[in-house]
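Trainee: I have a new model open and would love to walk through it with you. Shall we start with the empty space in it?

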Amino acid sequence: MSSGTHATPSAQVTDVDFVEGYLPDDEALVAARVRAADFGCVPLGPAAGAALRFMAATLQARAVVEIGTGAGVSGLYLLRGMARDGVLTSIDLEPEYHRSARKVFTEAGFPPGRTRLIMGKALDVLPRLTPGGYDLVFVDSARVEYPSCYEQAVSLLRPGGVLAFHNVLAGGRVADPSRRDPETLALREVARAIREDERLVPALLPVGGGLLVAAVA
């Protein structure tokens, strides 16, 4: 017999929500995200960050390149996964981003010797880095530069090293054939190039708006 009352259904939690909330941000990451919001940056989310940390830890990475420092969110994930003596090289044009990232890293307990922040355009800086000297290269910069970054990044990686590009699906634009703007075309180009590169073992992960990764075979 009905009591005349009905249970209120709980809010629907999607798989995406669950994945993003699986490893919640700690105080250091929350503070870094606040700084990113102040700058108008869109940092990678917790799931993509966890994937980066996992890759850095799996590789026991001692040398990592990050293209696009932002406010330090992705760098913090990378540093937390790297070997204790690992050095993160982070490249960005904006001096305020470097100041913010340096503060984030220091407050999280990483000494200055664990990071090398280089101010400049990635396409100018990358040729000056050591070929074959890096375990991981993470790219989160201007999307139109992704194809050019790909070419240079592969040359920096050791055998077994990993290349990762953030947000390659661009909110569904890449999968929409009607979208022909320069940014979308560049994202399609890098996705195709990595898929067809016989030197690489690629995968497209459904986190971070599409995290395109590839290992050097």
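Trainee: Which helix and which strand each supply at least two residues of the lining of the largest pocket?

Mentor: Good place to begin, and keep in mind that this is a predicted model. The pocket in question has a volume of about 460 Å³, and the residues closest to its centre include Asp-92 and Tyr-97. The elements that each give at least two lining residues are helix 4 (73-81) and strand 2 (87-92).

Trainee: How many nonpolar, polar and charged residues are in that lining?

Mentor: The lining of the largest pocket is made of 25 residues, with Gly-68, Asp-92, Tyr-97, Asp-140 and Ser-141 closest to the centre. Sorted by class, the lining has 12 nonpolar, 7 polar and 6 charged residues.

Trainee: Now the sheet. Why is one side of strand 3 and of strand 6 left without a neighbour in the sheet?

Mentor: The sheet is open, with 7 strands in the order 3-2-1-4-5-7-6 and mixed pairing. Strand 3 (115-119) and strand 6 (200-205) stand at the edges, so one side of each lacks a neighbour because each has a single partner strand.

Trainee: Do tell me about strand 6 and its partner: which residue is the bridge partner of Leu-205?

Mentor: Strand 6 is joined by 6 bridges to strand 7 (residues 211-216), and the two run antiparallel. Within strand 7, the residue bridged to Leu-205 is Leu-211.

Trainee: At about what angle does helix 8 run to strand 7?

Mentor: Two helices are worth viewing here. Helix 3 (residues 46-59) lies across strand 4 (134-139), strand 5 (157-165) and strand 7, at about 175° to strand 5. Helix 8 (residues 182-196) lies across strand 5, strand 6 and strand 7, and its angle to strand 7 is about 30°.

Trainee: Is Ala-51 buried or exposed?

Mentor: Look for Ala-51 in helix 3. Its relative accessible area is 16%, and the cut-off for buried is under 20%. Ala-51 therefore counts as buried.

Trainee: And His-166, is that residue buried or exposed?

Mentor: His-166 sits in the loop between strand 5 and helix 8. Leaving aside neighbours within four places in sequence, His-166 is in contact with residues including Pro-43, Phe-138, Asp-140, Tyr-146 and Leu-211. With a relative accessibility of 5%, His-166 is buried.

Trainee: Last one: how far apart in space are Ala-51 and Gln-152?

Mentor: Along the sequence, Ala-51 and Gln-152 are 101 residues apart. In space, taken C-alpha to C-alpha, Ala-51 and Gln-152 are apart by 23 Å.

Note on methods: Residues numbered from 1 in each chain as written. Predicted model: local features only at pLDDT ≥ 70, side-chain atom pairs only at ≥ 80, totals over all residues. Heavy atoms only, no water. Pairing = 2+ DSSP bridges. Helix = DSSP H or I, 4+ residues; strand = E, 2+ residues; numbered from the N terminus. Contact = heavy atoms within 4.5 Å. Axes fitted to C-alpha atoms, helices over the stretch in contact; angles between N-to-C directions. 1 Å grid on protein atoms, 1.4 Å probe; cavity = no way out; pocket = protein on both sides within 12 Å on 5 of 7 lines; lining within 4 Å. Points joined across faces, edges and corners; volume = space filled by probe spheres on them. Nonpolar A, V, L, I, M, F, W, Y, C, P; charged D, E, K, R; others polar. Buried < 20%, exposed > 50% of the residue type's maximum accessible area, 1.4 Å probe, protein only.
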